[in-house]
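I opened this notebook to keep track of what I looked up in the structure. The entries follow the order in which I went through the side chains, the surface and the loops.

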Amino acid sequence: MTKKVSLLVTTYNVKNDLAVTLAGIEQQDYAPIEVVIVDGGSCDGTVDIIREFAERHPEREQTEGDRALTVRWITEPDKGLYDAMNKAWAMCSGDIVAVCNDRLCTADTVTKLVGAIEQGGENCVGAHADLVYVEGERIVRTWHMGNGRITDGWMPGHPTLFLKREIYERYGTYDTGYRCAADYEFMVRFLKDEKNRLAYVPKVLIAMYYGGTSNAGLRNYLVSFKEGYLALKTNGVPHPLLITVKRTIRVLRQF
């Protein structure tokens, strides 16, 4: 039976970017896809875009072989990005889960990442790919992920990460105590267990809107550095400061 994919979308006054994100989802050649949208109470027209999208793809009972795209959504105040991501997770029902707040670059992005998971072997818990950071159509920087270990400062790009549902069920969701690095802490939490492997697709499959929570200026970089160190230390990973420095060097090489 084909695995259902849940794409988690969190929004707050981002109508222009959201329109691009949803258009990329509609172009996917994979099915079934469930889109779960959690809006934080937008007032710029974002909710109108969500409502129109949901009306085109109403939530309904799916059967085996169903090719439909379905949507469920809410709009209400939240406590920030990671709280919204946790809400979206609680609403989803997919076998494979991904946070999708950016642009899927190709019509077979979901197909490629799901296929990599299925071909990844017994200990493969997810898949990731390369990404580019964009401002409009301009590429600001490119991130070639490769494979590696967190102890070497490596980490997959969270916007490209597709995970089996069991990882969230086993390791929990995003720690809302972090301001910038809850996604990093979440990945450290399950990747420190080296039996959990990720498949890697060496292609640019995601275009990330530049200026996200952890890359919007020097102040946020400093917060991200501090929180990255804390994430490693809290999870008992040896030499957290050294690893954080290595990770920072890897990021600087992207420019």
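**Charged pairs**

I began with Asp-108, which I recorded as partly exposed, because its relative accessible area is 23%. The model is a predicted one, and I kept that in mind for every entry here. The side chain of Asp-108 meets that of Lys-112 in a salt bridge, with 2.3 Å from N to O. For Lys-112 I noted a relative accessibility of 26%, so this residue counts as partly exposed.

I then looked up how many salt bridges a search of the whole structure finds, and the count was 11. One of them joins the side chains of Arg-72 and Glu-34, at 3.5 Å from N to O. I placed Arg-72 in strand β3, residues 69-75, and Glu-34 in strand β2, residues 33-39, so the pair ties together parts that are 38 residues apart in sequence. As for cover, Arg-72 counts as partly exposed at 23% relative accessibility, whereas Glu-34 is buried, with a relative accessible area of 3%.

I also wrote down the salt bridge between Arg-138 and Glu-135, in which the closest N and O atoms are 2.5 Å apart. Glu-135 has a relative accessible area of 40% and is therefore partly exposed.

**Cysteines**

Which cysteine sulfur is closest to that of Cys-100, and how far away is it? I found it in Cys-105, at 10 Å, which is too far for a bond because a disulfide needs the two sulfur atoms within 2.5 Å. The count of disulfides in the structure comes to 0. I noted that Cys-100 is buried, with a relative accessible area of 6%, and that Cys-180 is buried as well, with a relative accessible area of 2%.

**Nonpolar patch**

On the surface I looked up a nonpolar patch formed by Phe-225, Leu-241, Val-245 and Ile-249, which together have about 310 Å² of accessible area. Helix α8 supplies the largest share of this patch, with 3 residues. I checked Leu-241 in particular, and its place is in helix α8. Its relative accessible area is 49%, so I entered Leu-241 as partly exposed, given that exposed requires over 50%.

**Two loop residues**

Is Val-237 buried or exposed? I entered Val-237 as buried, because its relative accessible area is 8%. This residue lies in the loop between α7 (218-234) and α8 (240-252). Leaving out residues up to four places away in sequence, I listed the contacts of Val-237 as Ile-150, Thr-151, Val-188, Lys-192, Leu-232 and Ile-243. I also looked up the separation of Val-237 from Gln-28, and from C-alpha to C-alpha it is 38 Å in space, with their positions 209 residues apart in sequence.

My last entry concerns Gly-177, which lies in the loop between α5 (165-171) and α6 (182-191). Gly-177 is exposed, with a relative accessible area of 67%. Along the chain Gly-177 and Leu-163 are 14 residues apart, and I noted that 22 Å separates their C-alpha atoms.

How values were computed. Residues are numbered from 1 along each chain as its sequence is written. This is a predicted model: local features need pLDDT of at least 70, side-chain atom pairs count only at pLDDT 80 or more; totals for chains, interfaces and linings use all residues. Side-chain values use heavy atoms; hydrogens and water are left out. Helices (H or I, at least four residues) and strands (E, at least two) are DSSP runs, numbered from the N terminus. Buried means under 20% relative accessible area, exposed over 50%, partly exposed in between (1.4 Å probe, protein chains only). Contact means heavy atoms within 4.5 Å. Patches are made of residues with over 30% relative accessible area and no salt bridge: like charges are joined within 9 Å, nonpolar side chains (Val, Leu, Ile, Met, Phe, Trp, Tyr) within 5 Å. Accessible areas come from the Shrake-Rupley method with a 1.4 Å probe; for residues, only the protein chains shown count as cover. A salt bridge is a side-chain nitrogen of Lys or Arg within 4 Å of a carboxyl oxygen of Asp or Glu.
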